[in-house]
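Me: I am new to this structure and would be grateful for a close look at a single part, the place where two chains meet. Please set that part in its wider context afterwards.

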Amino acid sequence: MKRADTMNLKTNYMQVPTWSWLKINSAEVALGNQEIEEQKAPVIILPYGVQMGPLTAAVPQPPESLAPTVKAARESGAAPKQITIPAEQTIIEPIRIQIDLKPGDSLAAEHVHIQAEPGSSATVIVQLTGENLGGHCGLITCTAEEDARLHLIKAQMLGAGATHAHVILGEAAAGADLQILDVELGGATSASGCNIRLRGKESSGNLDCLYLGSGSTTLDLNYRIAYEGALTEGDITVRGALADESRKTLRSTLDFITGAAGAKGREDEAVLALSDKVRNLSSPLLLCGEDDVEGQHATNTGRPDQEKLFYLMSRGLTENEACRLIVEASFTPILDKVADEALRDTMIQRIREVMRRD
Amino acid sequence: MERKRTQAEEIERTLYDIRDPENTLYKVESGITEEIVRDISAGKNEPGWMLDIRLDSLKKFYELDMPKWGPSLHELDMSQIVTYVRPNAPMTDNWSELPEDIVRTFDRLGIPKAEQESLSGVGAQYDSEVVYHSIQDELLAQGVVYTDMDTAVRVYEDLVRDHFMKLLKNTEHKFLALHGAVWSGGSFVYVPDGVEVAMPLQSYFRLNAPGAGQFEHTLIVCGKGSKTHFIEGCSAPRYNVVNLHAGAVELYVNEGATLRYSTIENWSRNMMNLNSKRAVVEKDGTIEWVSGTFGSHITMLYPMSVLKGEGARSEFTGVTFASVGQELDTGTKVTHLAPNTSSTISSKSISKDGGKAIYRSSVRIAPEAKNSKSSVVCESLMMDSDSRSDTVPVMDIQTDDADIGHEAKIGRISEESIFYLMTRGLTEEEAKAMIVRGFVEPVTKELPLEYALEMNRLIGLELEGSIG
Amino acid sequence: MNRELLEVKELTAALETGEAILHGLDLNVGAGETHVIMGPNGAGKSTLANVIMGHPNYHVTGGSVWFDGADITEERADRRARRGIFLSFQSPEEVDGVSLENFLKTAKSAVTGAPLKAFAFRKELAAMMQTLEMDSSYAGRYLNVGFSGGEKKKSEILQMLALNPKLAILDETDSGLDVDAVKIVARGVDQYKNDENALLIISHSTRLLRDLAIDRVHILVDGSVRETGGRELIDEVNQNGFARFLSRTAPV
């Protein structure tokens with residue numbers, strides 16, 4: 001497939017840069033240019049009670065580390081849209097944003113903003129499928145006002161040749177709760193980022209991620225939770241598996257800002273390495289300017305436990321089947337958070353497809 | 001009887017902030033030029049190959065940029081730093097032959113006592129030359145060589161030539177290049193195969209002249225199956241002009257050998273401590289780093305272990321205490337290059353009164369390092385909200401057959417723990433002091449008694465019977 | 001008449017959040033006496049113990065606490081410890097890096113205000129550890145780190161013996177212990193107790209109390225003392241629970 005003119009996007013910077021020979025200070029994604037064909041807008045399905053219109057609210061600003069992706073998405077996309085969930089409304093049916101890329105397309109970019117008004121509650125599912133020449137550069141911003149509850153799921157299931165750059169920016173006001181789930185199952189080169197600012201007192205936010213690298217996928221993830229208000233809480237949980245010759249870089253940052261007294265945060269990553277050619281880079285950053293906090297992180301990587309494999313095989317499973325089971329088991333706590341059953345099934349199917357390498 | 005003070009106080013500086021009148025025979029003009037470098041080499045009667053290394057390093061120094069990460073080094077003006085200072089005393093084997101004020105300084109720092117009581121040999125560095133050296137007869141009989149670098153370059157020329165600046169290369173960063181050009185002084189240790197050095201070898205640095213930089217080079221070569229413990233301790237008095245320390249430590253741990261390298265860095269508050277340390281470990285060898293960083297204005301220090309041979313091991317235990325006006329960027333690097341290698345890292349830091357402690361590390365597992373293991377545990381204690389503590393670890397794993405674990409924690413002393421100790425009669429300050437002492441205990445217990453005591457003094461804790 | 005060691009007068013206390021736990025509590029413990037406090041969960045028994053000890057998370061909103069003739073209501077915990085009050089905690093803290101022996105030496109020195117002779121103390125400690133059937137290796141282990149529940153309780157009793165306070169408050173010291181461990185704790189308590197000092201035992205169970213000479217039993221419900229009596233109250237509670245004492249309305 002001939003590529004359109006490309007721009008090299010350098011993004012996902014490390015908040016505290018380190019030795020350059022580690023090659024972890026930033027990531028690069030080659031994205032196509034805008035000019036070839038008309039931009040196709042994402043398909044947005046709104047449940048009853050939810051409004052959509054042009055962007056009017058103040059939008060969360062990106063940290064410097066994610067600014068290049070945000071800029072590219074804003075400049076290349078059509079006018080941004082705003083989805084508003086009215087105050088005190090609990091919307092059960094998820095809001096769906098579907099982006100399906102077609103091979104001939106130029107760069108697909110969009111910015112959608114979700115404003116959850118005080119006391120509201122809703123779920124947003126963003127689904128990315130297909131594959132195109134120019135790649136994809138997307139931005140989702142969300143603001144959860146006082147006591148609002150917002151659950152955002154991004155499912156990236158692009159084709160094996162796709163390039164993808166994406167940022168989610170979230171802000172939580174006092175008492176609000178943000179749950180963000182990033183599932184990365186496809187693509188050739190992906191640079192995803194997510195930044196949650198817990199601004200209001202007693203706000204909370206969790207960032208969960210599930211990724212699966214296969215073929216020669218290069219996955220670059222940049223996650224951050226900033227604890228700004230007092231008594232804020234939030235965890236980053238990442239579960240992944242790397243197969244074939246895939247590569248993954250994860251920077252996860254817990255940033256305790258001075259003044260966030262009583263804040264609590266945990267970061268936890270577990271990676272299953274399934275072949276001896278994978279490349280796994282992790283940098284769990286813990287930044288702290290406030291003494292009255294509890295922050296911790298833990299990272300574990302390795303092969304699936306040999307004892308477990310043997311046990312499953314002694315019950316008749318092939319090594320591959322046993323491996324697949326162990327990987328799925330590792331993913332289950334996060335898959336369970338995908339409220340939409342159909343989507344969860346699609347994900348499990350995809351995982352099984354990738355893992356069936358006999 | 002008056003009760004002893006027990007506070008989680010500042011590092012006690014008064015004992016160390018003694019200035020001697022400028023005791024310098026010879027001072028190179030400020031700034032670094034080729035003439036200066038030739039001057040230094042000629043003054044030491046060095047062989048041609050060493051001069052070549054110096055000149056090549058000088059070239060690299062001009063070519064390389066300042067580091068693009070870490071603390072800002074804007075306060076460093078190289079043209080102001082007098083790189084080489086030779087104190088007014090020739091080297092001697094007999095303590096009583098040293099000039100009185102130099103002896104007095106070392107007396108106050110407790111060196112001769114230490115030497116007699118528990119340590120095998122001591123080399124004390126005063127400004128840029130090693131002034132005093134002694135080595136016990138026993139060690140001489142075993143064939144252990146412990147001398148200063150200047151002597152080693154001449155007397156053990158081949159050995160030094162094979163190892164000098166081969167582990168730390170002058171192309172790596174600007175301050176290693178500077179070091180290669182103007183290095184002076186330091187220790188050379190050679191332990192033959194199979195020898196166990198029964199007691200620790202220690203060396204003591206001191207920086208006296210205002211604006212002087214210290215560029216000592218330590219080179220240790222451990223023969224197969226040997227066992228050695230080397231202790232390095234540093235101190236410098238306070239001055240207005242920024243002092244620079246860009247030393248280098250190269251450790252060669254051969255097959256089956258064990259080397260423990262302990263350091264307590266207590267440089268004074270105007271010091272820029274940009275040290276480079278690296279160990280290469282062959283088959284079944286072990287390197288143990290024990291590191292306490294308390295002083296200096298800015299430190300960038302990351303002892304590195306290269307696990308080259310199968311079954312090689314590295315253990316790192318470190319404590320960093322950052323207080324007023326300090327930015328201490330410390331950590332460690334490990335590279336696993338062979339199968340069955342293992343590394344453990346245990347790092348603790350304390351930040352107080354606006355101090356900034358940064359833990360920075362890298363653990364790299366090469367594709368050939370099958371069945372390797374690495375475990376990292378970091379804990380940071382924040383004592384107030386004026387200070388900062390940042391943890392920046394990186395793991396780069398290039399094989400599936402590796403077991404890697406990393407944990408870090410940050411927080412303050414638990415109020416419940418303070419209350420518990422207070423209910424047993426300790427004041428709040430005493431309780432905090434005891435908890436902080438307990439916090440750094442993993443490093444204290446790895447040091448010989450003399451240094452453990454010094455370490456606790458450094459934290460200002462004077463609980464009776466607190467060690468052991 | 002024994003002199004009063006502990007006098008709690010109309011004590012009201014609340015958590016930092018403002019929630020009131022103790023409502024006008026009165027309690028007097030004289031020298032040489034052993035008192036027991038019993039009550040249903042949430043009655044405020046542990047709160048009482050912690051307030052007497054001076055825990056910063058509780059605020060005294062009314063009344064006072066007197067110890068050996070002095071008003072200690074506003075005093076810090078370490079000051080109270082040095083006066084001779086000791087609390088054996090229900091869940092003792094783990095303090096990493098500090099050995100049990102060195103900790104005790106420091107605490108003893110703090111409480112008596114005099115330095116210790118290391119050798120003599122070590123011998124004393126060894127004897128106490130033997131009484132409590134604690135392996136001598138515990139002296140070198142870090143304070144409570146990795147100790148089982150039973151070992152933690154023994155560590156508390158060991159501290160009580162070493163520090164020899166005027167008033168020892170035991171907060172559920174026997175809970176979670178097996179039969180043998182309770183016997184050992186009883187032995188420790190027995191060794192400690194004399195005509196000069198006092199014991200205040202908070203307990204659910206009777207195993208520890210069975211063989212002790214008890215002067216007074218107080219039933220605590222909803223933050224105040226509902227009834228005071230003798231040993232017979234323990235038997236009554238064991239037979240019928242606390243139902244009888246709950247029937248009254250809680251004070252506002």
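Reply: The following account begins with the contact between chains B and A and then turns to strands and sheets elsewhere.

The model is predicted: local features need a pLDDT of at least 70, side-chain atom pairs count only at pLDDT 80 or more, and totals for chains, interfaces and linings use all residues. Residues are numbered from 1 along each chain as its sequence is written, while chains are lettered from A and ligands numbered from 1 in the order in which they are written.

The contact takes 35 residues from chain B and 38 residues from chain A; two residues are in contact if their C-beta atoms, placed from the backbone, lie within 7 Å. On the side of chain B that touches chain A, the elements giving two or more residues are β22 (356-365), β23 (372-382), β24 (388-397) and β25 (402-411) of chain B. Strands are DSSP runs (E, at least two residues), numbered from the N terminus. By class, this side of chain B has 13 nonpolar, 10 polar and 12 charged residues. Here Ala, Val, Leu, Ile, Met, Phe, Trp, Tyr, Cys and Pro count as nonpolar, Asp, Glu, Lys and Arg as charged, and the others, Gly among them, as polar.

Strand pairing also links the two chains: β20 (residues 293-302) of chain A pairs with β25(B) in the antiparallel sense over seven bridges. Two strands pair if DSSP finds at least two bridges between them. Within this pairing, A:His297 has B:Ala408 in β25(B) as its bridge partner.

Confidence in chain B deserves attention. Its average pLDDT, the predictor's confidence in each residue from 0 to 100, is 80, and 73% of the residues score at least 70. In chain B, the lowest mean, 47, belongs to strand β1 (residues 24-27), and the highest, 98, to strand β18 (residues 304-307).

Within chain A, strand β10 (residues 149-158) has nine of its 10 residues buried, that is, with 20 or more other C-beta atoms within 10 Å of their own C-beta atom, placed from the backbone. Strand β8 (residues 121-130) of chain A pairs with β10(A) in the parallel sense over 10 bridges, and A:Val124 stands opposite A:Leu152. Eight bridges join β10(A) to the parallel strand β12 (residues 177-184) of chain A, where A:Leu178 is the bridge partner of A:Leu150.

Chain C contains an open sheet of six strands, in the order β6-β7-β8-β3-β9-β10, with mixed pairing. Strands β6 (85-88) and β10 (224-229) of chain C stand at the edges, each with a single partner strand, so one side of each is left without a neighbour in the sheet.

Methods. Helices (H or I, at least four residues) and strands (E, at least two) are DSSP runs, numbered from the N terminus. A residue is buried if 20 or more other C-beta atoms lie within 10 Å of its own, exposed if 12 or fewer, and partly exposed in between; C-beta atoms are placed from the backbone.
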